[in-house]
Amino acid sequence: KNYPFELHLLGYAAEEIKRTFNEKLNQATSITLHFHEPVPPDEIIVFASQFNLGFASESNFPLNRDICLTNKIFTYIQAGLGVLASDTKAQRNLLDKYPEIGKVYQNSDPKSLADILLYYHQHREKLFELQTTALSLARDKLNWETESQNFLTVIKETLINN
C-alpha cells in the first residue's frame, strides 16, 4: 500500500547494495530508504532520537542470536523510540515484560511487521505513548546505572555463597 514510510539504515553499505535495496523497495512499496554513515558511539542515542520506531530485526539462529538482546534495542529505548522487535526468545521476553514500549513481529511473516507499522501510522497517540514510556523506562530502570547495581549484587551473592 502507499503509505509514506521511511527506513533509515545506519552503517556502511556498498553502492551496489544500496542500489539493489532501493530497486527492490521501489518495485514493491512506497518506502523511502535512507543510508547513514556510522556515527561515534557517544552520538548514537542523539542520532536515533530523531526517528519514531527502532527496528530490532534479529535471527533465531544460531541459538545465541535467539537468546541475546543486542545493544540496538537498548539504544532505541534510551532514545525514546518505540521498539519493533523480531520474535527471538530474548526480544519476546523483553517485550512481554515491557509491552508498553513496542511490539513483536513474526520473522516468518512480513505482513505482521506491515500490520504493526500501519497500526502506529494510523494511531499516532499510541506511538507517542510508546515513545514516552520507553524514555521513562530508560531513565528509571533500563540503564547501566540501575543494571550495574543488579549485576554487582549477583556477583557479591555468588562470591559469598561459594
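How many aromatic pairs does a search of the whole structure find? The search finds five aromatic pairs, and two of them are described below, together with the cores, a buried glycine and a buried aspartate. The model is a predicted one, and it contains eight helices and five strands. Following the sequence from its beginning, the elements come in the pattern β-α-β-α-β-α-α-β-α-β-α-α-α.

**Overall form**

- The C-alpha trace of the protein spans about 60 × 35 × 30 Å along its principal axes.
- The protein has 162 residues, and buried residues make up 29% of them.
- When contacts between residues at least 6 apart in sequence are considered, 59% of them join residues at least 24 apart.

**Aromatic pairs and a charge over a ring**

- Among the five aromatic pairs is that of Phe-47 and Phe-51, whose ring centres are 5.5 Å apart and whose planes stand at 70 degrees, so this pair is edge-to-face.
- Phe-47 has a relative accessible area of 17%, and it is buried because the cut-off for that word is under 20%.
- The rings of Phe-55 and Tyr-105 also form a pair, with centres 5.7 Å apart and planes at 25 degrees, so these two rings are stacked.
- Because Phe-55 belongs to strand β3 and Tyr-105 to strand β5 (residues 102-105), this pair ties together parts that are 50 residues apart in sequence.
- The two partners of the stacked pair can also be described by their accessibility: Phe-55 counts as partly exposed at 30% relative accessibility, whereas Tyr-105 counts as buried at 5%.
- A charged residue also meets a ring in this model, as Lys-103 lies over the face of Tyr-119, at 5.5 Å from the ring centre.

**Nonpolar cores**

- In soluble globular proteins, nonpolar side chains tend to be buried together.
- The largest nonpolar core of this model has 17 residues, and the members that touch the most others are Ile-73, Ile-77, Val-83, Ala-85, Tyr-98 and Ile-101.
- Two or more residues of this core come from each of the elements α4 (71-78), β4, α5 and α7 (124-140).
- Ala-85, one of those core members, is in contact with Ala-56, Ile-73, Gln-91, Leu-95, Lys-103, Val-104 and Tyr-105, when neighbours within four places in sequence are left aside.
- Another core, of seven residues, lies apart from the largest one, and its members include Leu-84, Leu-113, Ile-116 and Tyr-120.

**A buried glycine in strand β3**

- Gly-54 lies in strand β3 and, at 0% relative accessibility, it counts as buried.
- Although Gly-54 and Leu-84 are 30 residues apart along the chain, their C-alpha atoms are separated by 6.0 Å.
- Leaving out residues up to four places away in sequence, Gly-54 touches Tyr-76, Leu-81, Gly-82, Val-83 and Leu-84.

**Two loop residues**

- Pro-62 is found in the loop between β3 (53-56) and α3 (63-67), and the peptide bond that joins Phe-61 and Pro-62 is cis, with an omega of about -5 degrees.
- Asp-87 lies in the loop between β4 (82-86) and α5 (89-97).
- Asp-87 is buried yet has no salt bridge, and the nearest side chain of opposite charge, that of Arg-92, is 5.2 Å away, while a salt bridge requires a distance within 4 Å.
- The residues that Asp-87 touches, not counting those up to four places away in sequence, are Asn-60, Arg-92, Val-104, Tyr-105, Gln-106 and Asn-107.

Note on methods
Residues numbered from 1 in each chain as written. Predicted model: local features only at pLDDT ≥ 70, side-chain atom pairs only at ≥ 80, totals over all residues. Heavy atoms only, no water. Helix = DSSP H or I, 4+ residues; strand = E, 2+ residues; numbered from the N terminus. Buried < 20%, exposed > 50% of the residue type's maximum accessible area, 1.4 Å probe, protein only. Lys, Arg positive; Asp, Glu negative; His and termini not counted. Contact = heavy atoms within 4.5 Å. Phe/Tyr/Trp six-rings, centres within 6.5 Å; stacked < 30°, edge-to-face > 60°. Lys NZ or Arg CZ within 6 Å of the ring centre and 35° of its normal. Core = buried A, V, L, I, M, F, W, Y, C linked by side-chain atoms within 4.5 Å.
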